[in-house]
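Student: I have a new model open and want to read it piece by piece. Where should we begin?

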Amino acid sequence: MITMSKSFTVNIQRQDDPHGPKYSESFEIPYEPGLNMTTVLQRIAANPVTSDNKDSTPVAYDACCLEEICGACTMVINGHVRQACSALIDNVLKETTGPIDVKPMSKFPVVRDLVVNRKAMFESLKRVKAWVRVDGYHDLGSGPRVSPHEQEDAYPLSKCMTCGCCVEACPQFNDKSPFIGPAAVSQAILFNANPTGKIDSEARLEVLASRGGIADCGNSQNCVKVCPKEIPLTDSLAKAGRDTTLYKLRQFFGR
Amino acid sequence: MAHPTESVSLQDKNYFLMRRLHSLLGLVPVGAFLCVHLLTNSTVLAPGVAGGEFQKSVERIHALGPLLVPVEIVFIFLPLLFHSLLGFQIVFNSESNAQQYRYGGNIRYMLQRTTGILAFVFIFYHIWQMHWFGKPLGGGAFELHDAAGAATGAMTTAVAIQQAWWIAPVYAIGVLSCVFHLANGLWTSLITWGITIRPSSQRTAGYVCAAFGIILAIAGMGALTGFYNYDVKSPPPVVGDGHASATSQGL
């Protein structure tokens, strides 16, 4: 026997191509327990008919790991940036009495619908050399020992998935400011703490002490609040402040 | 798009240094001056002859004589101008989202920029109204002595404050903006310079800066209340008979 089931409405900001106009479409989704935003987008793809019974197209979105590890499905749900896969509809519905509002991240160029190009973040990672340099593929032997204390400091920073939440919520990361963003600053701090990565620490500090670096941080501390991986980003930003202070003093007075 | 010019690249090249200078100048001398200024002005509440203690404090400052103007320009006006100009650029380069993300830190971020603009407008209004700079433009109310050498510091200030009903509220908003901007700026500067790193130390610093701001706000509001309630009808009290000649001659 068919019973009347609850349903909820999702308003999605859509855009057909990178230059196309933005428009909004509503979809009525039958309620099921345990839905997340990605499954909602799958339901829409299976039956792309809007609330006012017009045929539409499946909403384009990124998704990969589906367990908040890759960061691909980051979008703005009810005005709050997060991953679609871990945005449980039961919780999202509690945040609002009206329809669920879904938009792509605003700080990156839209490719289509909810898909954005996060190239700016990867360019920032390149600027701060967010890697450990190795000379070649020959056996270098075992690396330097890392104390458990250092590991405990480094591990949380290594969880960054470059999802874009921190820069989306950062009021300093915008078209008018060259700020590289909290994620890249934190990665610079991570690789400067690495015993092998240290070799490039001055090059990283030089970037942090240049335009777009730590001086462009405004201490709103939104980054640490929205980070889904609970990375201590403000610790990294303050450390970047300390390390660049000392770096510039060393540079001025001589080592 | 802004056309890349020589000055832009020069600014980009020295941006880190300029921002650290901006931070430093906001604390010393500008912030330090605000503390001295508000504490000095709060002496108008001191018991005894109304404005007597205040007059003595101001005369100590004016004892610098002809050096006072260069000291004011080099140690207050120029640092304040640099702090303001770079501050405006910081405001214009930020996009506050405090409506969307209502975290305490984000609201303080927005308030820091708002109070910066309010403080800028207020300070220039205040300088015009009180300082001799403002005289050609109809301001310049503050006089330490009248023609006869009698003490009128508190008197002239009080007259200027009581001139219209809206002046005292404007002063309250202006002074509180300056105090918030300094107290919150002190908190962020501890992060900027890398002194407080962990959330726990930043929280402790937050309490200290809040206490500092509250004390300074009380001093400022006390001073304002003192001038607002100052009896401008009675003749100015005469104190410090020798000071008048000392200040006019300078050091």
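Tutor: Begin with a definition: helices are DSSP runs of H or I with at least four residues, and strands are runs of E with at least two. Keep in mind that this is a predicted model.

Student: On that basis, how many helices and strands does chain B have?
Tutor: Read chain B along its sequence and the pattern is α-α-α-α-α-α-α-α-α. No β element appears in that pattern. The count for chain B is nine helices and zero strands.

Student: What does the C-alpha trace of chain B span along its principal axes?
Tutor: Take the burial first: of the 251 residues in chain B, 33% are buried. Then take the contacts between residues at least 6 apart in sequence: 71% of them join residues at least 24 apart. The span of the trace is about 60 × 40 × 35 Å.

Student: In what order do the five strands of the open sheet in chain A lie?
Tutor: Look for the edges, where a strand pairs on one side only. These are strand 2 (22-30) and strand 4 (80-83) of chain A. The pairing in the sheet is mixed, and neighbouring strands are turned by 30 degrees against each other on average, direction ignored. The order is 2-1-5-3-4.

Student: Which residue of strand 4 is the bridge partner of A:Met75?
Tutor: A:Met75 falls in strand 3 of chain A, residues 74-77. Four bridges join strand 3 to strand 4 of chain A, and the two run antiparallel. The bridge partner of A:Met75 in strand 4 is A:Arg82.

Student: Which domains does the assignment give for chain A, and how many Å separate their centres?
Tutor: The assignment gives domain 1 (7-116) and domain 2 (119-134 + 146-253) of chain A. Domain 2 is written as two segments. Taken over C-alpha atoms, the centres of the two domains are separated by 30 Å.

Student: Which strand gives the most to the side of domain 1 of chain A that touches domain 2 of chain A?
Tutor: The contact takes 14 residues from domain 1 and 13 residues from domain 2 of chain A. On the domain 1 side there are six nonpolar, five polar and three charged residues. Strand 3 and strand 4 of chain A each supply at least two residues there. With three residues, the one that gives the most is strand 4 of chain A.

Student: Where does the largest nonpolar core lie relative to the two domains of chain A?
Tutor: This core has 101 residues, and A:Cys166, A:Val185 and A:Ala188 have the most contacts inside it. Helix 7 (residues 167-192) of chain B gives the most to the core, with eleven residues. Domain 1 and domain 2 of chain A both give residues to the core, so it lies between them.

Student: Which residues is A:Val185 in contact with, leaving aside its neighbours within four places in sequence?
Tutor: A contact here needs C-beta atoms within 7 Å. With that cut-off, the partners of A:Val185 are A:Ile180, A:Leu208, A:Ile214, A:Ser236, A:Leu237 and A:Ala240.

Student: Which helix gives the largest share of the side of chain A that touches chain B?
Tutor: The contact takes 27 residues from chain A and 25 residues from chain B. Helix 8 (222-226) and helix 9 (233-253) of chain A each supply at least two residues of the chain A side. That side divides into five nonpolar, 15 polar and seven charged residues. The largest share, nine residues, comes from helix 9 of chain A.

Terms used. Residues numbered from 1 in each chain as written. Chains lettered and ligands numbered in written order. Predicted model: local features only at pLDDT ≥ 70, side-chain atom pairs only at ≥ 80, totals over all residues. Contact = placed C-beta atoms within 7 Å. Nonpolar A, V, L, I, M, F, W, Y, C, P; charged D, E, K, R; others polar. Pairing = 2+ DSSP bridges. Axes fitted to C-alpha atoms, helices over the stretch in contact; angles between N-to-C directions. Buried ≥ 20, exposed ≤ 12 C-beta atoms within 10 Å, placed from the backbone. Core = buried A, V, L, I, M, F, W, Y, C linked by C-beta atoms within 7 Å. Domains from an automatic or database assignment.
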